[in-house]
Amino acid sequence: MNIGQEVLALLKEEIKEIEYNRYIKNLVYDAKRSTTDLAIFYAPNALVSNWIKSKYTDKIKHLFEIKNNPKVNVKITLKNSAFKTKKQKIEQKTQIHSLLNPSHTFNNFMVGGSNQFAYSAVKSVSEKAGELYNPLFIYGGVGLGKTHLMQAAGNIFQNQEKIVIYTTVEQFLNDFIRHVRNKTMDRFQEKYRQCDVLLIDDIQFLSNKEGIQEEFFHTFEALKGAGKQIILTADQHPKKIAGLKERLQSRFEHGLVADIQPPELETKIAIIKNKCEINKVVLTNDIINYIATVIENNVREIEGILSKLHAYSQLMHVDIDLEFVKNVLKDQIQENRANLTLDIITKSVAKNLNIKPSEICSKGRSKNLVYARRISIYLCRELTQNTMPQLAQYFGMKDHTAISHTLKKINFLLENDEDFKVKIKELTNKITSLS
Ligand code: ADP
Ligand code: MG
């Protein structure tokens, strides 16, 4: 029996049985946390706890004295709230639930030229919160690992007992609306200003939402002023996010802006190998190389394919060989592109460049038209199965050499003009998302 239990046994003899059974019986002594100065008992609920505090504390103290423990203070408390850390208390009070995916770690992130810069930036920020780049702004296309990297830092901070808020703009907005509706904006502000690290994903969705931009600006200023780390992601450079207030734009650029590019072949191969290992899928190098070449630039898509392959092979009891993979991927690639027609592509290029679709296939030679026509030809060649003669016919050109000439021009620009490359990538994304 430990000293706490001995004291309770003595108390049992001193008080009425009914009182003992009702109040004291369920009291638990915490031998681990108690010291010679402090005796801790847990009560099952607040009612019992208050009752014991007011009625029995002195008695219990006295019994400790009898047991040669004269200096002890007695603490009666509720089990669950007894020793919450400051972090847990704040989290409970503000209802912060950071849903970080624990497998989003730096170890699980394959690094290559395409993401080296962003990786290093996030990694070094995770080692020195608030001191290096604040805010850190990561941008890049869909499925390239922005959320993964941001959460990898979040996981590190969380292990350091820091209060981390991870949220998407959408959740932030919903939270904001809820607090406005309930007239509890003070709680909203307290919540977002009390954290040590704020991670906000997909900042582009702030676009054209003035109310939330305003609120976010104040949160941002408060945290930044207090030296708290902020990490943001978006699909574009802050400058290119339309409908974003100038002062937010400039704040976002103020720390470090790092981009993630689509993975190059070696990185894709490393990622596939890593995912296979994690998911216990065995693939030959041939197959890995094939997947890496066919899937252009979306890591999420690679993951989808691996689980598809895994599922197929399990359900159909076949080993995964190259033929099988080609078959599975054929559907996937066709699925992605099948619905795209020349009309759809030219229409969306025209819309994007503010000209009439009919003009693209006309003989017009104005600079704008030629530019739009060249881009359309390039995208039609990239995104459909049409041959060069078919394209020549569609665009009203003499023959396939005119098409090939155009493609060469565009490829030259892609290699030498970064802005142009970005523009084409955006257009491609827009168009493929139509299918
Ligand atoms: P984004 O937020 O940029 O759209 P995610 O971070 O959600 O992309 O990444 C999509 C998926 O691809 C995630 O499951 C992520 O773990 C994985 N992924 C992306 N890049 C890498 C990488 N370099 N190494 C390993 N996994 C990656
Ligand atoms: Mg993301």
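What follows is a short exchange about a predicted model and its ligand 1.

Visitor: Which residues come nearest to ligand 1?

Guide: There are 18 residues around ligand 1. Gly143, Lys146, Thr147, His148 and Glu303 come nearest.

Visitor: What makes the pair between Lys146 and ligand 1 a polar contact?

Guide: A polar contact is a pair of N or O atoms within 3.5 Å. An N or O atom in the Lys146 side chain is 2.8 Å from an oxygen atom of ligand 1. That value is within the cut-off, so the pair counts.

Visitor: How do you know that Thr147 and His148 make polar contacts too?

Guide: The test is again 3.5 Å. For Thr147, a polar side-chain atom lies 2.7 Å from an oxygen atom of ligand 1. For His148, an N or O atom of the side chain is 2.6 Å from a ligand 1 oxygen. Both pairs therefore pass.

Visitor: How much of ligand 1 does the protein bury?

Guide: Taken alone, ligand 1 exposes 560 Å². The protein buries 92% of that.

Visitor: Why is ligand 1 said to sit in a pocket?

Guide: A molecule sits in a pocket if more than half of its atoms lie within 2 Å of the pocket's grid points. Ligand 1 sits in the second largest pocket, so it meets that test.

Visitor: Which helices supply at least two residues each to the shell?

Guide: They are α6 (146-159), α11 (265-279) and α13 (299-315).

Visitor: Which domains supply at least three shell residues each?

Guide: Domain 2 (116-260) and domain 3 (265-334) do. The assignment also gives domain 1 (3-79) and domain 4 (342-434). The C-alpha centres of domain 1 and domain 3 lie 63 Å apart.

Visitor: How do the shell residues divide by type?

Guide: Six are nonpolar, eight polar and four charged.

Visitor: What makes the bond from Asn134 to Pro135 cis?

Guide: Its omega is near 0 degrees. Pro135 is in the loop between α5 (116-127) and β4 (136-140).

Visitor: What is the phi of Asn68, and where is Asn68 found?

Guide: Phi is near 65 degrees, a positive value in a residue other than glycine. Asn68 lies in the loop between α3 (46-66) and β3 (73-78).

Conventions:
Residues numbered from 1 in each chain as written. Chains lettered and ligands numbered in written order. Predicted model: local features only at pLDDT ≥ 70, side-chain atom pairs only at ≥ 80, totals over all residues. Heavy atoms only, no water. Near = heavy atom within 4 Å. Polar contact = N/O pair within 3.5 Å; in protein donor to acceptor, adjacent residues only side chain to side chain. Areas by Shrake-Rupley, 256 points an atom, 1.4 Å probe, with all protein chains shown as cover. 1 Å grid on protein atoms, 1.4 Å probe; cavity = no way out; pocket = protein on both sides within 12 Å on 5 of 7 lines; lining within 4 Å. Helix = DSSP H or I, 4+ residues; strand = E, 2+ residues; numbered from the N terminus. Nonpolar A, V, L, I, M, F, W, Y, C, P; charged D, E, K, R; others polar. Domains from an automatic or database assignment.
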